[in-house]
Amino acid sequence: MIFSKFERLVAGRYLRAKRKEGFISVITGFAFTGIALGVATLIIVMSVMNGFKSELLSRILGINGHIMIVSAPGFPFTDYKTAVKDLESIDGVEVAIPMIEKQILISSGNSAEGAMVRGISKEDLLKKQVLRNGVAGLDIDKFQGDKVIIGSRLADKMGIIPGDKITLISPNGKVTAFGTVPRMKSYEVLGTFNVGMYEYDATHLFMPMEAAQKYFSMGNSAGQIDVTLKNDDDLALMRDIIEQSVGIDAYVYDWKQSNSAFFNAIDVERNVMFLILTLIILVAAFNIITGLIMLVKDKGRDIAVLRTMGATKGMIMRIFFIDGAFIGVVGTLIGFILGVLFCENIETIRQFLEGLSGRELFSAEIYFLSQLPAKINWEEVGIVAGVSLLLSFLATLYPAYRAAKFDPVEALRYE
């Protein structure tokens, strides 16, 4: 649609309300502000949900593999080193890590906590970037013998510092004539790790593979093998290949199975939030309709004069369409800028608000992450802006149509 200079000039004059049109300008201001806040809020919420999902996924896959091969009870992987070589020879597999994972009880002083112990070699520990960053600052060469690395939040909760002794208690102990005796052994804490995800930092500890094999009486075997892929999109294909290569003494499952309920809940919440917050923009669009209808009634004499001077119905319609479209375009643009700026500085804003209110706004215990994430998906931002513009343009059609149908004779008769 091409607008003439005359149409743009008149539309611009109508946007600059006079004092007697103050109420109209207030309604227009509400519409303008509503669109900007609606677009900004929608961008922020969608980006936070994307960031939350992406960060959780990166932490989960940074510690676990895409595919887990778990030995059946009573059938541990005795020749796991050969199995690892065979798995890593498959095209598409980045790394395969053998480990032992068991639930235990940690005792230190007067405190005791349940935890998940993971037996892993120091070489395999460093193969994962998240873990490598999590143990940065530790002398990893000392990760051997009876030394363990404990999650930072678990250490804080139990009051443990590097160099302390902790006792690990496993319920799967030795069977005697008097019943099962829990297995107990003391270990020295080499240091703590922090991967930025509360679930792991508060519940996990790492033990050298040899020490775990000895503690759980597993000989020279492993309990599971975690397989990390080069491309997550190949998950279904690679799982089929790996399932065909393993025997009946092992179970194969992927990260989507073990976390399906959690990530499905995030997707549902994200879609629902999109629909709910779109209503903010819809309400602002109705404000555009209200403001333009009142402007049309107020400008009845002007419309009549323009019509008698030769202005066509199409020209009158385009004049008021320009006014409504201007509100929608500028409101969307400002909302886009505010939303992107907020997302880019969301952690700084969170810390400022926490300092201002004196309260914790993003608890790691509840949200699993230690920082508030935001990941902007530009395709979604484009959809948000497109929906806002579409609603704004549709909102201008009826008032513009009413202005075009305005009878100049009737308008001048009652003036």
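Buried means under 20% relative accessible area, exposed means over 50%, and partly exposed lies in between, with a 1.4 Å probe and protein chains only. By that rule Lys-185, at a relative accessible area of 30%, is partly exposed. The structure is a predicted model, in which local features need pLDDT of at least 70 and side-chain atom pairs count only at pLDDT 80 or more, while totals for chains, interfaces and linings use all residues. Residues are numbered from 1 along each chain as its sequence is written, and side-chain values use heavy atoms, with hydrogens and water left out.

**Overall make-up**

- The protein has 17 helices and nine strands; these are DSSP runs numbered from the N terminus, with helices (H or I) of at least four residues and strands (E) of at least two.
- The protein has 415 residues, and 45% of them count as buried.
- Contacts (heavy atoms within 4.5 Å) often link distant parts of the sequence: among those between residues at least 6 apart, 79% join residues at least 24 apart.

**Nonpolar cores**

- A nonpolar core is a set of buried Ala, Val, Leu, Ile, Met, Phe, Trp, Tyr and Cys residues joined through side-chain atoms within 4.5 Å.
- The largest such core has 66 residues, and those with the most contacts inside it are Ile-69, Ile-104, Ile-106, Leu-125, Ile-149, Leu-168 and Val-227.
- Strand E2 (residues 93–108) supplies the largest share of this core, eight residues.
- A second core of 34 residues is separate, and Val-10, Ala-285, Ile-316 and Cys-343 are among its members.
- Leaving out residues up to four places away in sequence, Leu-168 touches ten listed partners, including Ile-104, Leu-105, Ile-106, Met-184, Lys-185 and Tyr-215.

**Strand pairing around E2**

- Two strands pair if DSSP finds at least two bridges between them.
- E2 and strand E3 (residues 111–119) are antiparallel and pair over nine bridges; Gln-103 has Met-116 in E3 as its bridge partner.
- E2 also runs antiparallel to strand E8 (residues 224–229), joined by six bridges; here Met-99 is partnered with Gln-224 of E8.
- The hairpin of E2 and E3 has two residues between the strands, and in it Gly-109 takes a positive phi near 65 degrees.

**Salt bridges**

- The structure holds five salt bridges, each being a side-chain nitrogen of Lys or Arg within 4 Å of a carboxyl oxygen of Asp or Glu.
- Asp-146 and Lys-185 form one of them, with the closest N and O atoms 3.5 Å apart.
- Asp-146 lies in the loop between helix H5 (129–134) and strand E4 (147–151), and Lys-185 in strand E6 (residues 179–193), so this bridge ties together parts that are 39 residues apart in sequence.
- Asp-146 is partly exposed, at 38% relative accessibility.
- Asp-124 and Lys-127 meet through their side chains in a salt bridge of 3.0 Å, N to O; Asp-124 is buried at 9% relative accessibility, whereas Lys-127 is partly exposed at 41%.
- Asp-254 and Arg-239 form a salt bridge whose closest N and O atoms are 3.0 Å apart.
- This pair links distant parts of the chain, with Asp-254 in strand E9 (residues 250–254) and Arg-239 in helix H9 (residues 235–245), 15 residues apart.
- Asp-254 and Arg-239 are both buried, and salt bridges that share partners join them with Glu-243 into one network.

**Helix H14**

- Helix H14 (residues 346–357) has 12 residues and reaches 16 Å from its first C-alpha to its last, close to the 16 Å expected at 1.5 Å a residue; the expected span is 1.5 Å times one less than the number of residues.
- Its buried residues include Ile-346, Glu-347, Arg-350 and Glu-354.
- These four cover an arc of only 100 degrees around the axis, which puts them on the same side of H14; the arc is that of the directions from the helix axis to the C-beta atoms.
- An α-helix has 3.6 residues a turn, so residues three or four places apart point the same way.
- The face of H14 turned away from the buried side carries the exposed residues Thr-348, Phe-352, Gly-355 and Leu-356.
- Gly-358 follows H14 and has a positive phi, near 75 degrees.

**Ser-152**

- Ser-152 is found in helix H6 (residues 152–158) and counts as buried, at 13% relative accessibility.
- Apart from neighbours within four places in sequence, Ser-152 is in contact with Thr-192, Phe-193, Asn-194 and Asp-201.
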